[in-house]
Amino acid sequence: MKKINLLFLFIFISTIITITFFRDSNKPESIKNNSINSNNKNFDNNNTNKNINNKIIVNQQDQNNNNDNNNPNTNKIFYNNERLKKNHQNNGQNDNNKIPQHENYLKKKREPRPQSNLKKSNNNNNNNKNNNLKEINNNIKIEKINNSIELSINKISCENGGIGFSSKCICSYGYSGDKCEIVDNDNPCTQVKMNIEYLYNPNLVSPDKCISSAPTICCWSKYRTISNISTSKLQDSNLSDLNEEQQHNEIIKSILTNYGPWTENDKKMIKYLIKSNDNDITYQLKYNTKHFMSKHDQHDNHKKPKLAFVLMIHKIDLEAIKLLFDNIYKPKHYYVIHIDNNFKDENLINELKFYLNKIYELKIKNNMLLESNYPNNIEILDTRFDGAWGSIALVYSEIASYTKLFDMLEHRHSITGRKEKWSHVINLSINDFPIKTIEKLEYFFASNGNIKRSFLNEEDKEKEIIRYNKPWVECKTIEDNKSNMVGFNFENNDSNNNNYNDNNLIENENGICGCTGMEHTMDRSKYKEGSQWHFITYKFANYLISDFKAIKRLFSMKFSYIPDESFFQLAKTESYFFNETDSWDFSNYRFIPWYNSAIGLKVGLEEVQNNFNNQTWSYFTRKVYTTDVKKAIIEKYLKD
């Protein structure tokens with residue numbers, strides 16, 4: 001019996017020795033030499049665990065998506081149209097759309113990522129934090145408008161609403177001189193006075209505290225009437241003449257001649273859109289439709305498109321911004337932030353820059369699929385607009401952000417060498433919050449033909465004609481110097497004696513100021529106003545910054561009221577691709593509790609608990625003002 005036991009023991013030991021010998025003999029020399037290093041064994045084990053954990057996360061996320069599709073509440077929802085129903089049923093996803101595992105990358109050997117040039121911040125050391133701000137500015141680019149030559153628009157100081165062009169001032173009708181300083185007192189338009197009518201309390205403001213004077217508004221309005229600009233619709237665009245660069249200079253000059261008076265906000269907007277050549281003698285658009293449509297002519301091959309976000313904030317709430325970015329940020333997407341120019345707290349702006357840089361730095365370090373010099377994808381506009389609620393400045397800040405998003409495409413292409421573009425730009429305020437994950441939003445745009453579709457809300461009810469049939473201007477209040485939009489008439493203008501026929505306003509074109517409104521330039525039968533919150537395509541965003549018709553429409557609305565609720569809808573109907581019916585959707589997929597009007601439409605915990613009134617097709621909710629509600633949304637809807 002002992003002999004048998006010894007024989008089995010001998011066979012067992014021999015087998016172990018043989019297996020060990022053959023296993024080691026098949027290893028490369030580099031691995032043999034390191035196999036005795038216990039630290040390397042631990043490193044390999046940790047990497048294995050990470051890969052396993054990644055697969056578990058993917059499976060959990062797929063399971064969450066399936067759970068959403070099986071939500072019993074979907075049977076209770078009323079759908080406005082079949083497209084909305086189809087998008088909701090698919091929940092923005094296709095069953096075949098799997099999160100990429102990047103197997104080929106995992107098999108490929110890579111050199112270690114170089115260390116970031118930025119100094120690591122010490123949270124306990126405020127001095128280090130402040131010293132890093134200069135380096136952060138090179139990464140979180142508070143981007144300056146990069147005209148190689150400073151424009152006459154800003155170099156020349158023109159009076160009475162005039163504007164610089166080719167080293168000279170373009171002056172209003174009724175004004176002349178090198179700086180538009182000479183007033184033609186015999187011209188009645190230079191003698192009118194402002195009669196403020198439309199404000200909660202007109203006595204709060206004084207005409208001498210408005211950004212444009214009554215005479216300059218009247219005289220330019222009279223010029224537009226004489227030139228038939230105020231009384232005729234914009235002509236249809238034609239693809240063949242969208243951007244003939246040899247014509248740019250004359251078209252830009254005509255726009256500057258027609259759509260004054262010009263304010264500082266207007267001049268900032270122009271700088272974002274045009275550039276100067278030939279020592280400030282000729283001008284052209286900075287963004288060319290044909291160039292961008294050919295250079296960035298395709299979306300990425302995978303089915304999760306890159307997106308662009310524009311965040312417009314009037315003051316910095318760091319906690320709110322952190323919660324938002326925690327749930328919408330990815331290195332592959334693009335982000336532009338506009339901070340209202342009335343916000344002057346430089347310390348908070350620096351803190352915001354520091355936070356945004358840390359997001360970028362952390363994500364780049366943890367994503368080995370990205371190049372070590374992958375460009376920063378968050379930028380804050382340096383040239384900022386002074387925004388009064390209801391003014392054109394709110395549209396300006398968004399259009400300016402679009403120009404920066406196209407600049408970021410060019411910059412990323414110069415670094416990575418890859419042609420790419422974002423599919424949609426999504427505008428947000430600080431009080432907006434996602435109610436579906438960023439992954440579901442990506443899948444939504446990749447499904448049901450949505451990749452080529454803009455989501456632009458339009459309402460059945462027309463907005464008040466008073467928004468368009470008379471001039472509105474931004475004025476400062478007498479007591480606290482805050483900006484307000486006020487509607488007004490001219491005290492001694494013959495065209496104030498308006499007649500009404502079948503509820504349609506008929507203005508006296510022969511009055512001192514002519515047609516002071518802009519409603520005659522619009523065809524209200526072709527479009528409806530709606531919400532200013534939307535998802536719009538790369539194609540439509542490019543049109544808004546590179547087509548002269550869109551730019552004319554933008555400046556034509558300078559003296560209207562709440563243009564952000566009509567500009568995008570109106571520009572859509574005037575675009576050369578308006579009749580492409582598959583390019584438009586009338587829902588903006590945002591939840592607003594209209595039934596809460598008594599409390600300012602605020603979203604509370606009740607809406608979170610009730611699945612946002614069972615409006616389960618929405619991807620964002622508006623009017624979220626408190627941290628507890630945002631955390632409840634994260635806990636219920638956004639956790640993996």
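**Sheet, cores and confidence**

Mentor: This is a predicted model, where local features need pLDDT of at least 70, side-chain atom pairs count only at pLDDT 80 or more, and totals for chains, interfaces and linings use all residues. Residues are numbered from 1 along each chain as its sequence is written, and side-chain values use heavy atoms, leaving out hydrogens and water.

Trainee: In what order do the 4 strands of the open sheet run?

Mentor: Strands here are DSSP E runs of at least two residues, numbered from the N terminus, and two of them pair if DSSP finds at least two bridges between them. The pairing in this open sheet is antiparallel, and the order is 6-17-16-7.

Trainee: Which are the edge strands?

Mentor: Look for strands that pair on one side only. Those are strand 6 (194-198) and strand 7 (205-210).

Trainee: Which residue in strand 17 stands opposite N195?

Mentor: Strand 6 and strand 17 (residues 483-490) run antiparallel, joined by 4 bridges. Opposite N195 you'll find N489.

Trainee: Which helix gives the largest share of the largest nonpolar core?

Mentor: A nonpolar core is a set of buried (under 20% relative accessible area, 1.4 Å probe, protein chains only) Ala, Val, Leu, Ile, Met, Phe, Trp, Tyr and Cys residues joined through side-chain atoms within 4.5 Å. The largest has 66 residues. Its largest share, 10 residues, comes from residues 393-416, a helix (DSSP H or I, at least four residues): helix 15.

Trainee: What is the mean pLDDT of the protein?

Mentor: pLDDT is the predictor's confidence in each residue, from 0 to 100. Residues 133-148 stay under 50, while 69% of the protein's residues reach 70 or more. The mean is 77.

Technical notes
Contact = heavy atoms within 4.5 Å. Buried < 20%, exposed > 50% of the residue type's maximum accessible area, 1.4 Å probe, protein only.
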